[in-house]
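Please look over the sequence and the 3D structure shown here before reading on. The paragraphs that follow lead from an enclosed space to the parts that surround it and beyond.

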Amino acid sequence: MLIKNKRIALILSIMILAVIAFGIYYSLSIYKGLEGLRKASENSPFAEVMASEEQVVEPPKWTGTEPVNILLMGVDARGNKKNEIPRSDSMMVVSLNPVKQKIHVFSILRDTYTDIPEHGKNRVNTAVTHGPKTAMRAVSDLLGIPIQFYVYTDFQGFIKLVDAVGGVDFHVEKDMTYESKADNHEYDIHLKEGEQHLDGETALQYVRFRHDALSDYSRTKRQRDFANAIVEKMKTTTSIMKLPSILEEVSPYIDTNLSVSDMWQLASVGYKSKMEASEQIPPMKLLKETYVGRAAVLGVTSSNDLKEYVRTIIESDDTDPSEEMETIQQ
């Protein structure tokens with residue numbers, strides 16, 4: 001009996017040691033993966049422009065208790081020269097409130113005409129070509145909220161992320177077709193209406209499609225909806241267990257100013273939080289289509305009303321954007 005008990009104790013000890021070893025390996029793998037997302041200056045895609053950003057104010061620090069805002073920038077780097085930064089193809093701000101445990105997402109129309117710090121007025125999607133601090137400052141001034149962090153990636157980073165989480169089951173609301181000889185048909189779009197499983201390639205087709213009556217207006221809505229689906233997929237047990245391999249896949253395509261400790265805090269806040277409002281910036285009622293020279297751009301009818309609109313959405317417990325818009329305009 002004593003020998004049997006010793007054997008059981010030995011087996012249990014080995015099992016416990018194995019679990020501890022796996023936990024250490026898993027934690028170190030995640031730490032290494034997260035650390036790889038923040039590139040050293042010489043490896044950053046912004047290496048060429050960082051020196052020119054000395055005049056731009058540093059982003060505000062986040063202490064971990066107040067709301068935090070993260071600028072997500074996706075770019076189309078096809079055809080660009082080495083070290084050349086393309087304009088943003090998509091821009092989103094994710095706002096997390098650690099106290100209320102709520103998340104708000106704002107997608108910014110890329111043709112929005114606004115101030116670019118130290119570079120005059122231009123479309124907001126040009127801001128990133130001058131560096132990440134410039135882009136954060138431009139979006140912060142536009143929305144009237146502090147932007148503490150940025151995350152930057154390209155088409156390949158998006159494809160790798162979706163594939164790394166195993167794709168996403170998603171409802172495509174209509175048939176989508178677009179072909180381009182200029183791209184050698186590499187990014188043609190062929191999607192059918194209905195519930196389906198989107199991998200990285202087909203998901204990119206979905207979030208890029210804008211060849212309908214509403215163009216970028218409907219595209220930004222699709223991008224917000226798909227971002228929500230990715231967030232939910234990342235919360236699953238399967239994705240959490242696969243996190244080291246997911247980070248390994250996407251790391252070469254991502255740059256950020258988030259530290260590893262910031263990422264741990266944000267991951268904890270994000271996992272506990274509920275997705276609330278998901279809105280277009282500028283909203284339709286504050287948007288005007290106009291021209292600068294011969295270039296078509298999107299103006300804002302009232303900068304103050306836009307800032308108030310964003311603030312009200314973030315601070316409200318139960319947000320109804322249409323009602324908030326009516327209140328602002330009265």
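**From a cavity to the sheet**

Sorted by class, the residues lining the largest cavity comprise 3 nonpolar, 3 polar and 4 charged ones. The model in which this cavity is found is a predicted one, and its residues are numbered from 1 along the chain. Rolling a probe the size of a water molecule over the atoms shows where empty space is left. Counted with a threshold of 30 Å³ or more, the protein has 1 cavity, and the volume of the largest cavity is about 30 Å³. Its lining is made up of Asp89, Ser90, Met91, Ile108, Leu109, Arg110, Asp216, Arg219, Thr220 and Gln223. Two elements, strand 2 (88–97) and helix 5 (216–234), give two or more residues each to this lining, and helix 5 gives the most, with 4 residues.

Strand 2 leads on to a sheet. In the order 11-6-1-2-3-12, 6 strands form an open sheet whose pairing is mixed. Strand 11 (254–256) and strand 12 (274–281) stand at the edges with a single partner strand each, so one side of each has no neighbour in the sheet. From one strand to the next, the twist averages 20 degrees. Within this sheet, strand 2 pairs with strand 3 (residues 102–108) in the antiparallel sense over 7 bridges, and one of the residues involved is Ser95, whose bridge partner in strand 3 is His104. Helix 8 (residues 260–272) packs on the sheet, where it touches strand 1 (68–75), strand 2, strand 3, strand 6 (149–154), strand 11 and strand 12; the direction of helix 8 makes about 75 degrees with that of strand 2.

Two strands of the sheet, strand 6 and strand 11, also help to line an open space. The second largest pocket holds about 440 Å³ of space, and at least two residues of its lining come from each of helix 2 (132–143), strand 6 and strand 11. Helix 2 gives the most to this lining, with 3 residues. In total 20 residues line the pocket, and Arg38, Glu58, Pro59, Tyr150 and Asn257 are those that lie nearest its centre. By class, the lining of the second largest pocket divides into 8 nonpolar, 4 polar and 8 charged residues.

Which parts of helix 4 are buried? The buried residues of helix 4 are Gly200, Ala203, Leu204, Gln205, Tyr206, Val207 and Arg208. Since 7 of the 9 residues of helix 4 (residues 200–208) are buried, this helix is largely enclosed by the rest of the structure. The buried residues pack against helix 3 (155–164), strand 7 (168–172), strand 8 (176–178), strand 9 (189–191), strand 10 (194–198) and helix 5, and helix 5 is also the element that gives the most to the lining of the largest cavity.

Later in the chain there is a hairpin, formed by strand 13 and strand 14 with 2 residues between them. Strand 13 (residues 287–292) pairs with strand 14 (residues 295–300) in the antiparallel sense over 6 bridges, and the bridge partner of Tyr291 in strand 14 is Ala296. In the turn, Gly293 has a positive phi of about 65 degrees.

Finally, consider the protein as a whole. It has 10 helices and 14 strands, and 46% of its 330 residues count as buried. Among the contacts with a separation of 6 or more, 67% are between residues 24 or more positions apart.

Terms used:
Predicted model: local features only at pLDDT ≥ 70, side-chain atom pairs only at ≥ 80, totals over all residues. Heavy atoms only, no water. Pairing = 2+ DSSP bridges. 1 Å grid on protein atoms, 1.4 Å probe; cavity = no way out; pocket = protein on both sides within 12 Å on 5 of 7 lines; lining within 4 Å. Points joined across faces, edges and corners; volume = space filled by probe spheres on them. Nonpolar A, V, L, I, M, F, W, Y, C, P; charged D, E, K, R; others polar. Axes fitted to C-alpha atoms, helices over the stretch in contact; angles between N-to-C directions. Contact = heavy atoms within 4.5 Å. Buried < 20%, exposed > 50% of the residue type's maximum accessible area, 1.4 Å probe, protein only.
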